[in-house]
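Got the viewer open? Let's take a walk through the model, one selection after another.

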Amino acid sequence: MRRETIHAYLLLLPAVILLVAFTHWPAIETLIDSFYATPHGGKPAPFVGIDNYTDLLDDTVFWQALHNNAVYAAATIPASIVLALLMALAVNGALPGRTFLRLAYFLPTMLPMIAVANIWMFFYTPDYGLFDRVLGWFGGGRHNWLGDSSTALPAMIAVAVWKEAGFFMIFYLAALQTMPTDLREAAALEGSSRWNYFWRVTIPLLMPTTLFVLVNAVINAFRVIDHIVVMTRGGPDNATTLLLYYIYETGFRFWDTGTAATLTVVLLAILGLTAWLQFGVLGRRVHYR
Amino acid sequence: MIRRRHLLATAAIAAPFVARAQSARKLTFYFPVAVGGPLTTIVDSLCAAYQKESGVEVEAVYAGDYSQTLIKTITAIKGGGGPHFAVLLAAEMHSLQDQDILVSLDEIGLDADAKKWLSGFYPAFLANSHADGKTWSVPFQRSTAIFYYNKAAFKDAGLDPDKFPTTWSALGETAAKLVQKDSSGKVTRWGIKMASDLANQAEQKLMNEAGTEVYFNQPKTIEAMTFWRSLADKYHAAPDGVSSWPQLSPDFLSGNTAIIQHTTGNLANVRDKAPFPFGVAGLAGKNSPHTVVGGGNLYFFKHATPDERQAALRFARWVSAPERAAEWSIKTGYIATSPAAYDTPALKEFIAKVPEANVARTFLPVATGELSVHENQRVYKVLTDNIQACLNNTKMPDQAMADAETEASRVLKPFKHA
């Protein structure tokens with residue numbers, strides 16, 4: 001082996017050890033565990049092949065969690081990205097009180113999710129919560145936002161978008177700030193409209209940022225469940241149960257480790273597939289300078 | 001050096017008899033805080049008092065609410081460590097046995113004296129402690145569901161604030177009268193908000209003692225579910241949908257709801273904060289009042305050494321002695337666990353001052369244990385999901401209870417043959 005190669009591997013070693021110990025090995029272990037039943041009372045877990053997976057097909061809560069998560073992802077990802085871009089464009093220009101606005105937009109990101117969830121619990125309180133009061137001025141009635149199956153999931157989505165958009169805004173803002181001004185001047189000379197400039201120049205130049213933000217948004221749609229734990233615990237009647245929350249419940253509330261491992265494999269597969277789609281398909285169409 | 005050894009020797013002689021008789025000197029236990037308040041300081045002062053008396057250091061670890069404490073305890077023990085004993089929900093007995101981490105009191109060793117001590121508790125508090133002919137837990141912070149009601153609201157609805165309804169139909173009608181609307185027809189005060197299941201009020205048990213069977217689709221259970229829903233759609237006294245448990249207290253204190261069902265553990269809080277005169281009453285029943293007792297018991301764990309188990313049991317006996325139980329009840333609002341505690345001067349004096357504190361106790365003769373089966377958390381989820389579906393009008397009561405029965409029976413199937 002060449003000296004440089006050995007050096008390169010040595011330099012990579014610390015990162016590789018950490019990745020293997022805390023990411024790859026647990027993932028493989030989980031995959032193995034998913035072929036075993038849950039052990040009972042000190043006896044070793046029996047091998048059950050793909051039984052855990054076939055059981056999952058009959059599990060209505062699993063399908064509902066999957067469906068909820070799909071709706072949740074399909075709503076939070078585009079909404080938070082579009083909102084982030086709009087906010088970044090708004091505070092990018094030279095307008096008075098710009099710093100204050102930037103700070104205001106970024107504030108939700110700085111709060112821990114647990115605190116955010118508790119604040120929003122108050123917003124959603126029926127009768128005398130913030131939303132019901134404001135709606136009351138316009139003749140609105142009582143809304144049991146979190147206690148009604150039809151509004152509980154949208155309520156969770158709103159919290160997630162509110163929390164996440166500010167974070168993504170920072171990346172868009174940074175990208176906008178580094179965008180060379182001569183492009184705008186050149187476009188102005190050519191007589192290009194603002195809309196055309198935005199659509200043909202700004203958006204393509206923001207694509208690397210968008211890809212990065214998208215990857216984060218997708219991961220967060222499956223990863224962040226703190227607000228579910230605080231606000232609804234997956235209820236009412238599983239209306240807000242997301243996949244990760246269901247894993248937590250199965251693993252640590254019911255101690256059904258076999259099923260929990262199986263669910264985790266499903267989640268890993270979903271995340272792996274989306275990562276492949278993002279980097280493999282979208283990544284090739286992104287123009288890096 | 002010599003001097004220090006000398007000091008130690010004197011200390012050992014001066015320590016009370018109990019301390020010298022045992023070798024375990026340090027114990028750890030996990031406890032939950034379910035309703036807030038200065039509970040942690042009260043627990044710490046109990047431990048300090050015990051150390052002074054016995055020389056045994058008891059470290060109390062605050063571990064979150066009941067379900068977090070349960071999760072942390074099991075996780076820690078499975079990881080090879082964990083507490084020597086813990087305060088966990090009385091209803092978790094069967095599922096803790098599933099985990100194979102408990103040791104029964106009988107195995108730790110009960111002499112005649114200890115047996116007498118156990119028989120001193122209110123029988124209702126031991127309802128969730130027996131299985132396989134053994135005793136598995138000791139009553140500690142026990143509570144029961146009661147109604148808190150707004151006397152001012154009763155007065156302006158033209159009701160007698162000193163007479164609380166005792167049957168379901170009377171409760172429904174009373175609650176309907178308590179509803180207040182503004183000129184646009186919007187409700188400004190709800191009559192009632194309920195929180196937990198009512199089956200036992202129809203004199204229906206929800207499970208067998210072995211914890212292997214549930215009775216969710218019995219006619220009386222369905223009737224209870226029907227009544228609960230009727231509060232919203234027949235009496236229009238409660239809002240549609242699910243009311244969240246943490247929200248009930250603020251709803252009551254802000255005057256948004258005239259009657260709430262809550263735990264006795266909330267009494268101190270309501271007494272501090274209610275800006276209006278309030279009353280407490282036992283739960284109404286279908287025909288007559290009935291209630292369930294909930295709350296936490298002390299459980300002892302298998303992984304402790306025989307010495308540590310004995311020491312833990314000694315602490316349990318010390319902490320449940322009448323004077324301590326009385327003090328605990330006064331400071332927290334939990335029901336004292338033995339009749340003897342209610343004979344102590346401290347508690348007698350307190351009840352004379354705060355008569356509400358006595359209401360829950362008078363309902364103990366009509367109390368039963370909470371739903372407690374194997375795979376308890378899972379069965380609770382099945383029941384809760386279906387109750388929520390029913391309150392949200394996506395399932396009719398009979399459908400919801402039938403689904404709950406089918407699903408729970410599926411979960412419990414492996415335990416039936418064991």
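Select B:R317 to begin: it is partly exposed, with a relative accessible area of 26%. Now add B:D113, which also counts as partly exposed, at 47% relative accessibility. Zoom in on the two side chains and you'll find a salt bridge, 3.3 Å from N to O. This pair links distant parts of the chain, since B:D113 is in helix α7 (residues 112–118) of chain B and B:R317 is in helix α13 (residues 306–319) of chain B, 204 residues apart. Keep in mind as you go that this is a predicted model.

Next, pick helix α14 (residues 322–332) of chain B. Here B:E327 and B:K331 sit four residues apart, so about one helical turn separates them. How far apart are the closest N and O atoms of B:E327 and B:K331? They are 2.9 Å apart, in a salt bridge. Both ends are partly exposed: B:E327 has 33% relative accessibility, and B:K331 has 43%. If you feel like hunting for others, the structure holds 16 salt bridges over all chains.

Time to look across to the other chain. Select B:D65 and A:R233, whose side chains meet in a salt bridge with 3.2 Å from N to O. This one crosses between chains: B:D65 is in the loop between β2 (57–62) and α4 of chain B, while A:R233 is in the loop between α10 (226–231) and α11 (243–253) of chain A. B:D65 is partly exposed, with a relative accessible area of 22%. A:R233 is partly exposed too, at 45%.

While you're here, how many salt bridges are there between chain B and chain A? The count is three. Add A:E249, A:R253, B:K381 and B:D385 to your selection and you'll see a network of salt bridges linking them. Polar contacts cross the interface of chain B and chain A as well, in eleven residue pairs. To see which parts of chain B are involved, colour α4 (66–78), β8 (187–193), α11 (245–253) and α17 (376–391) of chain B; these are the elements that give two or more residues to the side touching chain A. The largest share of that side, seven residues, comes from α17(B).

Now zoom out and take in the interface as a whole. On one side are 31 residues of chain B, in contact with 26 residues of chain A. Together, chain B and chain A bury about 2,400 Å² between them, 45% of it on carbon and sulfur atoms. Highlight B:I71, B:R378 and B:K381, which supply 24% of the area that chain B buries against chain A, more than any other three residues.

Rings are the next stop. There are 43 aromatic pairs over all chains. Try A:Y124 and A:W145, a tilted pair with 6.2 Å centre to centre and 45° between the planes. A:Y124 lies in helix α5 (residues 113–124) of chain A and A:W145 in the loop between α6 (130–137) and α7 (149–177) of chain A, so the pair ties together parts that are 21 residues apart in sequence. Are A:Y124 and A:W145 buried or exposed? Both are buried.

Back in chain B, select B:F29, B:F31, B:Y50, B:Y62, B:F85, B:F300, B:F315 and B:W318 to see a cluster linked by ring pairs.

For the last stop, centre on B:Y342. Over its ring sits the charged end of B:R361, 4.1 Å from the ring centre.

How values were computed. Residues numbered from 1 in each chain as written. Chains lettered and ligands numbered in written order. Predicted model: local features only at pLDDT ≥ 70, side-chain atom pairs only at ≥ 80, totals over all residues. Heavy atoms only, no water. Phe/Tyr/Trp six-rings, centres within 6.5 Å; stacked < 30°, edge-to-face > 60°. Buried < 20%, exposed > 50% of the residue type's maximum accessible area, 1.4 Å probe, protein only. Lys NZ or Arg CZ within 6 Å of the ring centre and 35° of its normal. Contact = heavy atoms within 4.5 Å. Buried area = accessible area lost by both parts, 1.4 Å probe. Salt bridge = Lys/Arg side-chain N within 4 Å of Asp/Glu carboxyl O. Polar contact = N/O pair within 3.5 Å; in protein donor to acceptor, adjacent residues only side chain to side chain.
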